[in-house]
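Biologist: Please take one part of this model and examine it closely, residue by residue where possible. I would then like to see how other parts of the structure are arranged.

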Amino acid sequence: MSKTKTYWKGYSEKHQTPEFSISSQKEFQDDVPVDEFLGSDGIDDLKTGRRDFLKFMGFSVAAATLASCESPVIKSIPYVNKPEEITPGVSNWYSSAYYDGNDFANVLVKSREGRPIWLKGKRESFTQGGLIPRVSTSILNLYNSSRLNGPSVNKSSDSWSSIDKEILKKLNNLKDKNRRVRIVSNTIISPSTKSVIQDFINKFSPSDDSVSGCNIKHIEYDAQSYYGIRKANENIFGKGFIPSYDFTKAKTIVSINADFICNWLLPSKFSTDFSKARKPENGWMSKHFQFESVLSLTGANSDVRVKIKPSEEILVASSILSSLNNQNSNSSLNEATNEKIQSAVKSLLENKGNSLVVAGSNDPNVQMLVNKINYQLNNYGTTIDVDNEINLFNGNDEEVDSFQKDLLSGKIDGVIFYGVNPVYSMSNGSEISEAISKLDFSVSFSEFMDETASVCQFVCPDHNYLESWCDLNPGSNNYSLQQPLIRPLYNTRQAQESLLVWSGLAERSNSESQAFYDYMRKYWLDNSIGDQSSYPNFADFWNWTVHNGFTASTNESIPSILVFNDYPVQINPQENALDWEYIVYQKELGVGNHAANPWLQELPDAISKIVWDNYITMAPSDCYKLFGIDTSDSKSAWDGIHLGQEEKAFVATLKVNGKEIKLPIYPLPGQTSGTVGVSMGYGRGENNEDIGNAAFQADEYGNHLTNAQGGLVPIGANAFKLCNFKNGSVSYSGYGDVIATNERYSLAGTQTHHTIMGRTSIVKETTYDFWKDNHKSNQEAYNPKVKLHSHEEGGHSEVNATEFSLWDEHPVEHVGHRWGMSIDLSSCNGCGVCITACHSENNVPVVGKDEVRRSRDMHWLRMDRYFSSIEDDNRKEWADSNKVDGDFDYGNLEVPEENPSVVFMPMLCQHCNHAPCETVCPVAATTHSNEGLNQMTYNRCIGTRYCANNCPYKVRRFNWFNYRDYKKFKNFNPNQDQMARMVLNPDVVVRSRGVMEKCSFCVQGIQAAKLEAKKEGRKIVDGDVMSACGDACPNDCITFGDWNDPESKIREVSGSDRAYQALEEVGVKPNIWYQLKVRNIDEELAENVSSDESHSESH
Amino acid sequence: MINKLIKFSVKISLTIVMAFAALSFFSQDGEKLFKANCASCHNPVKNATGPKMQGVLQKWTDAGEEELIYQWVSNPSKLYNSGKSKMAKAIWDWSPTAMTPQGHLSREEVESIFTYVDNYAPPVAAIGGGSLAANDSLSDDANSSDYWWWIISFILVFVLFAILGVRRELTAAVAAKEGKEFDPTSTFATTAQQWLLRNWFVTMLLIVGVALFSGVELFGRAYQLGVYEDYMPSQPVAYSHKLHAGKMGIECKYCHHSAEKSKHAGIPSVNVCMNCHAIVHEGPEYGTEEIDKLHKASGYNKNKQAYNLDEFGDRLEEPIVWNKAHNLPDHVYFSHAQHVHSNTANIDCRQCHGPVQTYTLGRVSTIDEVNAYAATDDGMERGLIQLTKPLLTMGWCIECHNKKEIDLTSSGYYEEIHKRIKLRADVNNKIFEDDKVTVKELGGWECAKCHY
C-alpha cells in the first residue's frame, strides 16, 4: 500500500476547484484599478474625451515642471538643550515590560529621537526573549489618536484639578454615608500598585471599626479567566496558585485544548520554551499530543493531534488518569481518540517525571484531573515548579460573579474600573452597562472612551504602558520594571497617581509628574525588593534594575511542601440537548484590547490566514451538511467551497442560551465535527465607542460602514456574550444551535494568494526517528537533492539540479560580505512575530480588508501554512468509485485531510544570486550587490511588475497606492494619522505608488553594522547584523550573518544535514537556507513521507 | 470677434514673453554671480572682510588700471607679486586676508558683477526680526526685475494688438466704403494661418527652430531640477561661519558634533552655542543683536548670568527654527559618520561643503568653489578631490566614489575584506588591475548602499 503525502494551502487547492485553477494562473489577481486611481465610481459618466485628457496632461506636465523648479523650504529644529544620551539619527534601546492584564513580556524598545518605534523580546529576562504578535504590535497602540486627551465628567472634558475635587467630594460623601465601593481591576502584578490601592482603601475605609467609612473592596477580574487552575490547586494542594510550567524539560507534552504557543497563560514564555525542545540536534525532541476542537497554532505544531469536542475534555483527562492507573475507562470517546490516548499514556509513562500535561479548560474539575495526572507522573518538582508561581490571572470567578450580582441588584454604590472593560468582556454586558450608568459614583481609568468608560461618570485616562513607570512581578522569582519611553502624548495621568492624589499621598505637578515613580522607588527601598545586596547602594541597584529591566528576587523561598489531597472530581455528563457544541477561543487579537491595531488586524490568522475578521470555524463536512450541499459527487461538492475569499462565505447564527451572534462560516480543516469555534476579542465598539478607526468595518472606498441606525459596524461579533458562569467558574464552551442563513459574507484571506504553481521541494520534513538513524550516514534519505537528467558525455546520468545554471557565477562567494539567512522550520511555530516585526521595521503599509481581498497585501514576509495529509492510493480509488473496496471499509476511517498536519514556512525574498527578477527589469531597478543582496531601488522603478511575474517565490509586492495619503486608507493606515505617523522608522523610506517592494534583508541594519565595525576598525562578527524578523523571533529560528566569514553560524548551518533551499531545481541560488522540519511521530511512514512527496497535481 | 482677438493676442504675447524669459535665462546675471562668488567677503556698500565694492571699478579706472582690475580678480597674488599695480598694493596693505582667486569668472561675468554693485541700493528693511523662525523665502534675491519684464511685455503686446485691431477695423471700414468685399469671418488667426501656409518653408523653419530651442531649454532646465548649488536660505540668526570657523578657527565638529556618530552632522543645539555665549555677549559685526536671540532661545538672562526658569524649574526655552540648507531626498541615506570618522573615509568637511570658513550663513557650495578651494595649498594638503558634477546630485556622489581610493591596510575591517578578496583570483585581479582600490570597486556604486 503506497502512501503519498500531498501538500495544499487550502481546500480549494486540495480539490483543484475551477476557481482555484483560474486564480492560480494569474500573477496579479485583478486588473489594473484605473477607476480606483481616479477615485470615483462615476467615472463612466464623465465627459472627458481623449483630447481633453491630452490637454489636461499637457498642462499638468507644464505645471509640474514649473512647480518643481521651486523647492520647498525645509525647517529644522534642533534641541535647545540636547539630552546627553540622544544623538539625532542614532537609535537608543531601553528595557521595559509589557503587561495589559492578559499578556506579559519583557521587552527591549528601540527609540529614535525620543519616539519608541520598534520592540523585541528581551533575551535575558523572565520571558527570555519571548514575544507574541500582540506585544510586538503594541507600540502602535501608543500612537492611537483616539486615546483620550484629558479627563472628563459625564463625557464633558474638565481639568484634572477640578475632577479631583469632585471625585474627592463624592468619595468623602460615600465614606460618610458608609457606602459600598468596588475597585475592579485586571490582575495586578505590580507590588507598588497593590500598595497604592491598599493605601486608597485604607484612606476611605479604615479598618478601625470605630471610624465609619465606606466599604471598599478590590476585585481582580480577568477577561479570559484561569480561575479553574487556581481553584483546582486549592482543592488538591490547599493553595490557590498557578505554578510555572517548564516546556524545555518536558519530553512528552499532552495538552488538552491549551493553546500555549499563542494564547494560553503565558505564551510569550511558553512558545520560546517549547521551541527549545524542538531542535533535533539537542539529542532529544519533545513529543507533543494535542487534544482540541479548533485547530489552534499549538495543535498545528503538535506531533499527534486529536480532534475532540469541548465536552470531551474532561473525558480525555479522566481517561488518561484511569489508564495511568491501569483502570479501564468506560468513556464514551470514540475508538480513534481512545487509541491516541493510549499512545499518549504510553509516551507519558516512558517519560515519567519529565512530562507535562496541561489543559486549557477553566473547569476546576478538568484541572484537578490534570493535577492528578501530573502528580501521578511525578511532574511536580521537575516540569512543574510549585515554588515559582505565576502571578498572572488572579481573578476569582466566584468573587466576580457575586460582584456582578451585587451590581445588578443595586447593592453597590460606587465602582472604579482599572484596566478592565466588563461591559465588553462580561457575558451580560448590556445589563452591566445599565447598572453602571445608574450608579452614584463610577470612575474608569481607561485610555479610551471604551464600552465601560462611556457609561462611567468620571473618566480619568491612564497613560499608555510606554509612558508609565511600573514594577511588575509576573512570577514569584522575578521583578520587572516598566519604564517610560516617551513623555505623555496626551493630557493623561497614570492611574496609580490618580489614586495617590485621591488618597492625599501625592500631588500632581504637571504632565511629567513623577508621583508614582517616587512612591514606587520608596516602596522598593522600604520593602527591599529584588536583589539589592550585590550593589553598593540602592541608587546603584535601582539604576541597574532600570537598565536591565528586571531583577531576580532574593526572597528566600521556602520550598512549598504540598500535600496532595485526592479531591473528588465530578464528571457530570452534560445535557446533550442540542446538536452543536461551541467553544470560545482566543486568537491573534487576544481579549480585544488591540482591536484598533491595524498591524495586528492585518496579520493573517496563523491557521485560517484570514485578516480583519472574525468567523465561526466549522468542519468542512459539517458546513456542507448545514448548507445542504450535495457531497455525493466529491468533485462538485468541493466546487462549492466557500472560504470567503474567492467565493463569499456562508453566514450562520450561533444561538446559545437565548443569545445569538451572526458570523460567516470558515470551513476549517481539523475542526472536530459537530463543533464550532468563535474567537473572542472581536466586536469591539458595538455602540460607536471611540476606540480607534481601525476597529470598525470599512467599505471598498475606505469609508466606515454604517448600520441602519447610522452607527459604525464593528469587526466581527463579541463572543464573550456566549460565555457563562457555570459550576463555580466561567465556562467558554457549551451547547448551542447553529442556524444557516441565506446571507453571504466576504472574507479576506491570504492563503490562496501567490500560489507556487505546484512546484515541489518547497517544504521538506521528516520524522525524528528517521532523522536520528540517517543524519550521519544518509542525508539523501530525508533531504534529497533535486536531480535533473543529463545526457552529457554520451550517456544518461542524474545530476544535482543546482549544477545547472543559465547565468555566470555572481562573484559573491569569498569576496567581501555575503549576507545569508537560515530558517529552522523545526523550531518555527508560525506565531507571526516575524511578520509584525518586519511590518513595523520597514514601514510596510497596511492595506485593509478590501485590498487584501484583491491579493494586494503588502507583507514583505509571509507565513506560508501548508496542510499536508498522507493519502493512500487505495483510498483514492475508493473515493473515485465511491464504494467499499473489498472487505475493508474505508468509510469508517478518518478522512486524513480533515485532520491534516501543518507546516509553517516563513517566505520572504530569497535574495537569489541568480535572481530571475533582476534580468527582466527594463530599467535596472532591481540589481545584485556584491554582498549577495537583491537590491530594490524604488526611485528607479517604473512599475512594470515584470520582476514579480518572474519571481519563483512570489515575494515581491507592488505598491498600488499612495497609502500614506489616499483617502481609501484613511481609517486604518497608520501613516495617515498625525500621531501614528510617529511610529515610522526614519531609516527606511516610505515607498510611493507605482513601485515594487520586497524584503531588503534589513539593509539599513547591515549598513549600520558595517559602519559600526568600520568605526571600531574590526571585522564584522556574528551578532552585529540581524534582520528585524530574526531579531524579534522568540524562538531563534532565524540565523543571519556573513556567509563569507568561515567562523559564522550561518556558514555552519547552511551546510547542515537539514539545510535545503526552497525550489533549488529552478537554479536561482538563493541566499536563504531552510532547515527541514522534524516531527516526533513514530509511525513507520518515514521513507514514504520524504521520498514520495509531491505538491498536488502539477499545472 | 473681439473674443477671438483677445485670445489670439494672449497667445502671441505669451510666446513673446516666453522668448524674453528664456533670453534672460541666458543673460549674465551680475547679482547672482556676485552672491555666489563675492558676497561672502564683499559687501557692495560697506567694508567687510574685503573692501566695499561699489565704485571700485571707477577707482581703478581713475588710477589708470582699468585693465588690471580683471587680472586682480582672476589672480590677486599674481598681480600683486608682479608689482605692476598700485591699487593691488593698496588693497594688500589694507587687509592681510588674501582674496580668493576668481579665475573661473570670464571678463563678461566680472563686468556684470561691477555693473550690479555699482547700481546696488541697500535694502531699507532690516533682516531678521524678533521671532526666531526663519522666513520662508528661498533666497534673498527676489527676481523683481523679471516681473517688470513680464509686465512691460504684456503692455507692449496689448498695445500692439490694440493697434492692429484698430487697423483692421479701419481696413474694414475703408473696404465697406469702397464697396469692396471684406470677409467678416477672417480674423488674425485665419490671416496668420493663411500667411503661414503660403510661406510653408518659413513655417517649417520656425517650427523646427522652436522645437530645437525648447528641447535644449527643457533639457538644460531638467538638469537643474533638484540642484541646490548656491542655495543659501535666510536664517533666524545671522550666524557667521566666517567668524567662527574662519577667524576663530573653531573646528567644524565642535558644533556639528554628531558628524562622527550619526548620519546627521547635526544642527548644533543652543546649549553648544551657550558654551561660549554665556560669556561672550557681543559680536564684532552685529553687536548684541544676534547673540541676544541665542539668549532668548536658551532662556538665558545675561544680566543675571542665569537661566530663566518656569514654575516647575524648567528653563524657559524657545527652540530656533532653522531653514535647512543641505536637503537630500527622503530616499537617500547619506551618513556623515561613514565619511568623516577617522577610522572610515576620514574626508575633510571642505570636500563637500567647500570653504565654509569664508561663508556667513549655512550655504550649499558650488562645485566651482569647491574645486577652486581644492586647488589651493590648503585644499591640496587636505587631499580634496576635484569633481565636475553639481553638488548634492547623485552624479557628484558616484563620481567621487569612482575616484576616491580606499587604503585596505587602514583598519581591521578592510584588512579582513582584503584577505577575502585575495581568495578569489578573478575578483582580485579585476580590483587591482590599476593598482588602486576605489570605493566603487568595493561596491560603492551599488544602489542599496544609499537607497533603502
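**A strand and its two hairpins**

Modeller: In the hairpin that β4(A) forms with β5(A), two residues lie between the strands, and A:Glu113 takes a positive phi near 45°. This is a predicted model, and the description that follows should be read accordingly. The two strands of this hairpin, β4(A) and β5(A), the latter covering residues 115-121 of chain A, run antiparallel and are joined by six bridges. Within that pairing, A:Val107 stands opposite A:Gly121 in β5(A).

β4(A) also pairs with β3(A). Nine bridges join β3(A), which covers residues 91-99 of chain A, to β4(A), again in the antiparallel sense. In this pairing A:Tyr94 has A:Val109 of β4(A) as its bridge partner. The hairpin of β3(A) and β4(A) has four residues between the strands, and here A:Gly101 takes a positive phi near 95°. Strands of a sheet pair through backbone hydrogen bonds, either parallel or antiparallel.

How many of the nine residues of β4(A) are buried? Nine of the nine are buried, so the strand, residues 104-112 of chain A, is largely enclosed by the rest of the structure. In a regular strand the side chains alternate between the two faces of the sheet. For β4(A), one side carries A:Phe104, A:Asn106, A:Leu108, A:Lys110 and A:Arg112, and the other carries A:Ala105, A:Val107, A:Val109 and A:Ser111; all are buried, and both faces are covered. A:Lys110 and A:Arg112 are thus among the buried residues of the strand, as are A:Val107, which stands opposite A:Gly121, and A:Val109, the partner of A:Tyr94.

A helix of chain A can be described in similar terms. Nine of the 11 residues of α9(A), which spans residues 227-237, are buried, so this helix too is largely enclosed by the rest of the structure. Its buried residues are A:Tyr227, A:Gly228, A:Ile229, A:Arg230, A:Ala232, A:Asn233, A:Asn235, A:Ile236 and A:Phe237. The cover over them includes β10 (243-245), α14 (364-376), α15 (397-408) and β29 (729-731) of chain A. Just after the helix, A:Gly238 takes a positive phi of about 75°.

One buried residue of α9(A), A:Ile229, is also in contact with A:Trp264. Leaving aside neighbours within four places in sequence, the other contacts of A:Trp264 are A:Tyr226, A:Tyr245, A:Ala258, A:Asp259, A:Phe270, A:Val358, A:Ala359 and A:Gly360. A:Trp264 belongs to the largest nonpolar core, which has 184 residues; together with A:Tyr245, A:Met905 and A:Tyr1074, A:Trp264 is one of those with the most contacts inside that core. Apart from it lies another core, of 43 residues, among them A:Cys214, A:Ile216, A:Ala495 and A:Ile529.

Two of the contacts of A:Trp264, A:Val358 and A:Ala359, lead to an open sheet of chain A. Its four strands follow the order β13-β12-β11-β14, and the pairing is parallel. The edges are β13 (304-307) and β14 (355-359) of chain A; each has a single partner strand, so one side of each is left without a neighbour in the sheet. From one strand to the next the twist averages 10°. Inside the sheet, β11(A) (residues 252-256) and β12(A) (residues 287-292) run parallel and are joined by five bridges, and A:Ile256 stands opposite A:Phe291 in β12(A). Helix α13 (residues 335-350) of chain A packs on this sheet, touching β11, β12, β13 and β14 of chain A, and its direction makes about 145° with that of β12(A).

Another open sheet of chain A has three strands in the order β19-β20-β21, with antiparallel pairing. Its edge strands, β19 (470-475) and β21 (550-552) of chain A, each pair on one side only. The twist here averages 25° from one strand to the next. Four bridges link β19(A) to β20(A), residues 478-482 of chain A, and A:Asp471 stands opposite A:Leu481 in β20(A). Helix α19 (residues 515-526) of chain A lies across β19, β20 and β21 of chain A and runs at about 50° to β19(A). Helix α20 (residues 538-548) of chain A also packs on the sheet, where it touches β20 and β21 of chain A; its direction makes about 115° with that of β21(A).

Note on methods
Residues are numbered from 1 along each chain as its sequence is written. Chains are lettered from A and ligands numbered from 1 in the order in which they are written. This is a predicted model: local features need pLDDT of at least 70, side-chain atom pairs count only at pLDDT 80 or more; totals for chains, interfaces and linings use all residues. Side-chain values use heavy atoms; hydrogens and water are left out. A nonpolar core is a set of buried Ala, Val, Leu, Ile, Met, Phe, Trp, Tyr and Cys residues joined through side-chain atoms within 4.5 Å. Buried means under 20% relative accessible area, exposed over 50%, partly exposed in between (1.4 Å probe, protein chains only). Contact means heavy atoms within 4.5 Å. Two strands pair if DSSP finds at least two bridges between them. Axes are lines fitted to C-alpha atoms, for helices over the stretch in contact, and angles run from 0 to 180 degrees between N-to-C directions.
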